[in-house]
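Colleague: I have a model open and would like to walk through some of its helices and metal sites with you. Could we take it slowly, one topic at a time?

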Amino acid sequence: MFEKIPNNVNLSENKRLQRALEQWQPNFIRWWMEMGPEGFQQDEVYLRTAISVDSNGWAQFDYVKMPDYRWGIFLVPAEPDRKIHFGDHIGEPVWNDVPGEFRKELRRIIVTQGDTEPASVEQQRLLGHTTPSLYDLRNLFQVNVEEGRHLWAMVYLLHQFFGRDGREEAEDLLTRRSGHKDTPRILEAFNKPVRDWLAFFAFTMFTDRDGKYQLAALAESAFDPLARSTKFMLTEEAHHLFVGETGIARIVKRTAELMKLSPNEDVTELGGIPLDIIQKYINEWFSASLDLFGSEDSSNAATFFGAGLKGRYREAERYSDHLALEGSYKLEVPDENGHLVERSIPLRRAMNIQLQDAYIEDCERALRRWNEILEKAGLSYRLKLPSQRFNRRIGVFSSHYFTPEGKIISESEFKSRSNQWLPTQEDYAYVSSLMTPVYERGKIANWIAPPTRGINQKPIDFEYVRR
Amino acid sequence: MEAIRFETDPCNYKHWVLEVESPIATLWLDVKEEAGLRPGYLLKMNSYDLGVDIELADAVQRLRFEHPEVEVVIISSKRDGIFSAGANIFMLGSSSHEFKVNFCKFTNETRLAIEDATDHSGQVYIAALNGTASGGGYELPLACKEIYLVDDRRSAVSLPEVPYLGVLPGTGGLTRLVDKRKVRRDRADIFVTLAEGIKGNRAAEWGLVDAVFPPSRFADSVMERARKLAVEHRNPTGIRLDYLNPTETDTEIRYRYVRLKLGPEARLARLIIEGPPDDFVIEKDPAAAGADFLPLRVFRELDDALLRLRFNYPEIGLVLIQTRGKLSNVLKMDAQLSAHKQDWFVREVLLLAKRVLKRMDVSAKSFFALIDEGSCFAGSYLELALAADRTYMLDKPGVEVALSDLNRGLLPMGNGLSRLATKLLGEPRLLAELMNSSETFDAGQAEAAGLATVAVDELDWDDEIRLAVEERTSLSPDALTGLEASLRFAGPETLETKIFGRLSAWQNWIFQRPNAVGEHGALVMYGKASRPRFDWRRT
Ligand SMILES: [Fe+2]
Ligand SMILES: [Fe+2]
C-alpha cells in the first residue's frame, strides 16, 4: 500500500507513519466515497497529480478515476540552517520536532487548518450535477482531490509529530461533517452550504484565498515541517484561487454581453446572472471569509507570533521589525454607545488583522480586474468589496450592525435592508434555476463565458472528463 | 471601593435566569459582559465575577426555601457553544489579594451549598454543559451530582489554570476530581495540565462527565435524566424570602435580631445577637411563620453580617460575639426545632444554620465570644461560642450556658463532627457525659466542661477583655489566619476540609509567588504578548 503513496518523507522506512496510515488511509477512502464528489467517482478525470516536488514532478497530468488518485505527502526541501526569523526565539535554529511547550498551540493550528480541507470537499460534493462545462467540472474535481491532499499534508504532521493525540485528531478530521447539526466543522464558513456555481466561485475566490493567507503565515513558522508542508500546499492553492477569480470574471463577462443584448439591461430574461446578485454573493462570502481571520485583537494571535508559530504574510520581505513588541495598530471600533472610536491594539495582538489587510489588498486587485471587464463593455456598474465591518460574526465588529459602506446602523435597519445586501431566497432560487448541467465537449452554459484557454495547453473543447 | 451587597432576587438577576417548572428547575447562565461588579473588565464567554456568584448563591438558597417542591435543578448556559470560561482572569488580575481569597472562599461555599442541597434537601443538581466548560466553569459542574456534556467534537471540559495561568483551580476542582468523582490520579494529572481539556467519549471514559450526547439529542436526554431523578412528587408550599433591610450607619449595621458594631477600637467589631422572646412557639405548620421565623431570620442576618465583614471590612481582625436574652427561651426554641426536624421547613432552617456557622468557621477573622450578664448562650446560640477561637465567661452567679440537641450533631462542622466533639477529641468520656446532660453550667463548670475557655472574675473582666483584644489585634493578620485555620479543624478530613485547607495553603501561596504575579509571572503575562518566565527552583 505504501509504494503507491507518492511522498518525499521516506515513508517506505518510516514505521511510525506506516502504522498510523494503515489505520487512517482506509477510513479516508471510506470518507471520500461517502462525502466526495457525488456521482462521478467512476469517471476518468484529467487531473494533475504531484509525484515529487521538483518542477516537472509536482504537476503530472493524466486521466484518473478519483478514488484511485494518488494522494501524497510532500514538503518543500529543507533550507539548510534555517533560523527562526520572528518572535521571541528569533535567530535560534528552527525546530524539526514539536517543542512540548507549544504542543497544544501547534496541534490546534494544524487541526484547525486540516479541518477546512475535507470540509470544502463536503461543501462542494453535489456541484458536479450542475456543471456549466467539462472544463469547469474537471477544475472542481482538481480542487477537490487537492483539498484531499491538503488533508493528507496536515494528517502527516499529526501522525508524525503528535503521537496518540495526533492519531485521534486525524480520525476526527474524517468524522466531522460540514453543516452537520451534531458534528459540524470547526470554522463557520466551512459549514455554510455552497449551493451553486456562483457560490463555488465566490468560495474559491474568497474563502480559499483566506486559506492562502493562513498557509502563507504558517509557511513562516519556526516548526519547520509545518512551514515546508504549507509552502508546498500554496503551489496547489494557486490553482484554486485561479478557478474562483476567473470563474467570477467569466460570469461578469457573460452578464455584460447579455446586458448589451437586452434592451433594458435586464439579463434575467436572457438567463444571465444580474450584477447585483453577483455583488450580494461577494458580500456574503467576503464577510464570512473575514471571520476566518479571527478577532482583530487577539491574545492567541500574540502568543502564536511571540512563540514563532505563525508569522505575518511574507514576514521577511514585507516587515522590518520582526519582534513587534512596540507600536500598535490603530483601528476604529464601536464603543458601548455605538460610536466608532479609534483603538490602539498592541502590534502583537493585532496579527490577525495585519494578515487580513494583506488579504483585502489581494481581493481588491481581483475586483479591479472584474471592473475592467465592465468598463471595457461600456457599463457603468462597478462591483466592490463591502467594508470589513459588514456582516461579521467574529471580532470587534460582530456586536453591531453595519452597512456595506461601514456605517453603523440599528439591528432593525439591518434586518429590513439586508435583502439589498445579501442573497435572498429568491436570489438563490433564481441562480439555481440556471444551473442545468452541460456535459457536452466544448459546450458551455449560457450564464458564463468560456475560459480563455484550456488546462495544461489542451484546447478548451478537450474531453476533460470522460463520462 | 463601594460596599458589596449580598442580597438580591431573581427579578434583579443580571446573569442568571431561573425557570421553575416543578419538579424541575433550570438555572441558565447568561452573563452580561459589561455588568461586572466593578468597572475595568468584561465578563466575556460566560466568565464570572463575585456578582455572578452572589446571584447563584441566592438562587440556590431561594430554591430550597421558595420552591421546596423542586427535586432537580439543571444548570446550563444560554450561550451557544460555551458553558462558562470560569472566573474572569482580568477581574482576578485587577483584584487585591484579600479580595481574591475571599472571592474564592465565597464561590467555594456556594458550590458546597449546591452539594448540601443535593445531599440533604432533596434538590439534585445536574450540570448540562451545552458547550465548553473551563476552569471555574468546570468546577461548578463538579459540584453537581451529575454532569452531561454535549458531544459536538468541539466542546471540552478543562482545568487549564496550571498551563495557562500558573495557578491552581481555586474552587475545589482538583479535590473533587479525585475525591468525589474518583478520577484516577494519573489521569487527573494529565487532565489538569492539558490546557485544551478533554472532550467527547474520553471525557466520559475518564469519569470527567457522566455521559455525552450529540447536540440534536442533548436537551432531551438531559431532561429525560432529570425526569428520572424527580420521582418523589412532594408538594410542600414554599415561603418567600424577603430582603433583610438593615439600618446602616458608619459604625453599625442593625438588623432585626443581629447588630454588627464597628469599632470604636481599631480592627475590632462586635456581633450582638438577640435571643427568642418569651412567647416564641413553632406552629403546627412551621412554614406558616414564613421569613419571619426567628431562627431563620437570625441566621440569615448573621450570614449577611459575616459576608459584609469579610468583603467590606478587610481590616477588622477580631469580632467579639455577644448574645442578649434568656437561656430558657433558647432551650425552648431548640427543643421545638429538634422535635420538628423532619418538617421540610425546619430542616431547611437547620441546614441554613449549619452553613452559616461553617461560614464563620472558615472566615479569616478572630472570633472571641463574651459570655456575660444577660447573655443567652444555650444550644443554637452557644454554637457561636463553640465556633469562636476563645470564649471568655464571666464568673458570676446567674451567668450560665447550656447545651441542646443542636450542639450534639444537628449542626456539624465541615469535618463532619459537632463543634463540641471536635473540641473534645481528646476527652471522649467528658463528651459522652455532655451528650446526655441537660443542666446549666456556671463559669467554673463551663471551663471544666470545655464550653468556655476562661472563667473571668467580675473584678478582672474589663481589664482581661481589654488586654485580650489589644493583644489579638496587634498580631500579624497573616499568621493569625493560618493559625486559626490550623486549630479550628481538628479531627477527620473530608472533601470540604480538604478544599478549604488546600485553598488556603496552596492557592494563596501560589497567588503570592513571583511565578504567578511577579513581573514575568504567568498570571501577569496571560493575554500579553510574551510568555512567562519562571524561577525554576522547586520549594
Ligand atoms: Fe486547501
Ligand atoms: Fe484550496
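Colleague: At what angle do α2(A) and α3(A) pack, and how far apart are their axes?
Modeller: Keeping in mind that this is a predicted model, α2(A) and α3(A) pack at an angle of about 155 degrees, and their axes are 8 Å apart.

Colleague: Are they roughly parallel or roughly antiparallel, then?
Modeller: Angles over 145 degrees count as roughly antiparallel, and α2(A) and α3(A) are therefore roughly antiparallel to each other. As for the handedness, α2(A) passes α3(A) in a left-handed crossing.

Colleague: Which residues meet there?
Modeller: On the α2(A) side they include Arg107(A), Ile110(A), Val111(A), Glu117(A) and Val121(A), and on the α3(A) side they include Glu147(A), His150(A), Leu151(A) and Met154(A). Sorted by class, the residues of this contact are eight nonpolar, six polar and three charged.

Colleague: Changing topic to the metals, what coordinates the iron ion (ligand 1)?
Modeller: The iron ion (ligand 1) is coordinated by Glu117(A) and Glu147(A), each through OE, and by His150(A) through ND1, at 2.1 to 2.2 Å. Along the chain, these donors follow the spacing E-x29-E-x2-H. Glu117(A) lies in helix α2 of chain A and His150(A) in helix α3 (residues 134-161) of chain A, so this pair ties together parts that are 33 residues apart in sequence. Glu117(A), Glu147(A) and His150(A) also appear in the contact of α2(A) with α3(A).

Colleague: And which residue bridges the iron ion (ligand 1) and the iron ion (ligand 2)?
Modeller: That is Glu147(A), which bridges the two iron ions, and these lie 3.3 Å apart.

Colleague: What coordinates the iron ion (ligand 2)?
Modeller: The iron ion (ligand 2) is coordinated by Glu147(A) (OE), Asp208(A) (OD), Glu237(A) (OE) and His240(A) (ND1), at 2.0 to 2.3 Å. In sequence, these donor residues are spaced E-x60-D-x28-E-x2-H. Glu237(A) and His240(A) both sit in helix α6 (residues 224-261) of chain A, three residues apart, which is about one turn of the helix.

Colleague: Why is the arrangement around the iron ion (ligand 2) called irregular?
Modeller: The four donor atoms subtend angles of 79 to 169 degrees, and this spread makes the arrangement irregular. For comparison, four donors count as tetrahedral if all angles lie between 85 and 135 degrees.

Colleague: Back to α2(A) for a moment, how does it pack with α4(A)?
Modeller: Helix α2 (residues 103-123) of chain A and helix α4 (residues 163-175) of chain A pack at an angle of about 20 degrees, with their axes 10 Å apart. They are therefore roughly parallel to each other, and their crossing is right-handed. The contact involves, among others, Arg103(A), Arg107(A) and Asp115(A) of α2(A), along with Asp165(A), Glu169(A) and Leu173(A) of α4(A). By class, this contact has three nonpolar, one polar and five charged residues.

Colleague: What about chain B, how do α12(B) and α13(B) pack?
Modeller: Helix α12 (residues 344-361) of chain B and helix α13 (residues 379-387) of chain B pack at an angle of about 20 degrees, and their axes are 10 Å apart. That makes α12(B) roughly parallel to α13(B), with a right-handed crossing. Leu357(B), Met360(B) and Asp361(B) in α12(B) meet Glu383(B), Leu384(B) and Ala387(B) in α13(B), and by class this contact has four nonpolar, no polar and two charged residues.

Conventions
Residues are numbered from 1 along each chain as its sequence is written. Chains are lettered from A and ligands numbered from 1 in the order in which they are written. This is a predicted model: local features need pLDDT of at least 70, side-chain atom pairs count only at pLDDT 80 or more; totals for chains, interfaces and linings use all residues. Side-chain values use heavy atoms; hydrogens and water are left out. Axes are lines fitted to C-alpha atoms, for helices over the stretch in contact, and angles run from 0 to 180 degrees between N-to-C directions. Helices (H or I, at least four residues) and strands (E, at least two) are DSSP runs, numbered from the N terminus. Angles under 35 degrees count as roughly parallel, over 145 as roughly antiparallel, 65 to 115 as roughly perpendicular and the rest as oblique. A crossing is left-handed if the near helix is turned anticlockwise from the far one by less than a right angle, and right-handed if clockwise. Contact means heavy atoms within 4.5 Å. Ala, Val, Leu, Ile, Met, Phe, Trp, Tyr, Cys and Pro count as nonpolar, Asp, Glu, Lys and Arg as charged, and the others, Gly among them, as polar. Donors are N, O and S atoms within 2.8 Å of the metal (3.2 Å for Na, K and Ca); water is not among the atoms, so sites may look incomplete. Four donors count as tetrahedral if all angles lie between 85 and 135 degrees; four count as square planar and six as octahedral if opposite donors are over 155 degrees apart and all others between 65 and 115; anything else is irregular.
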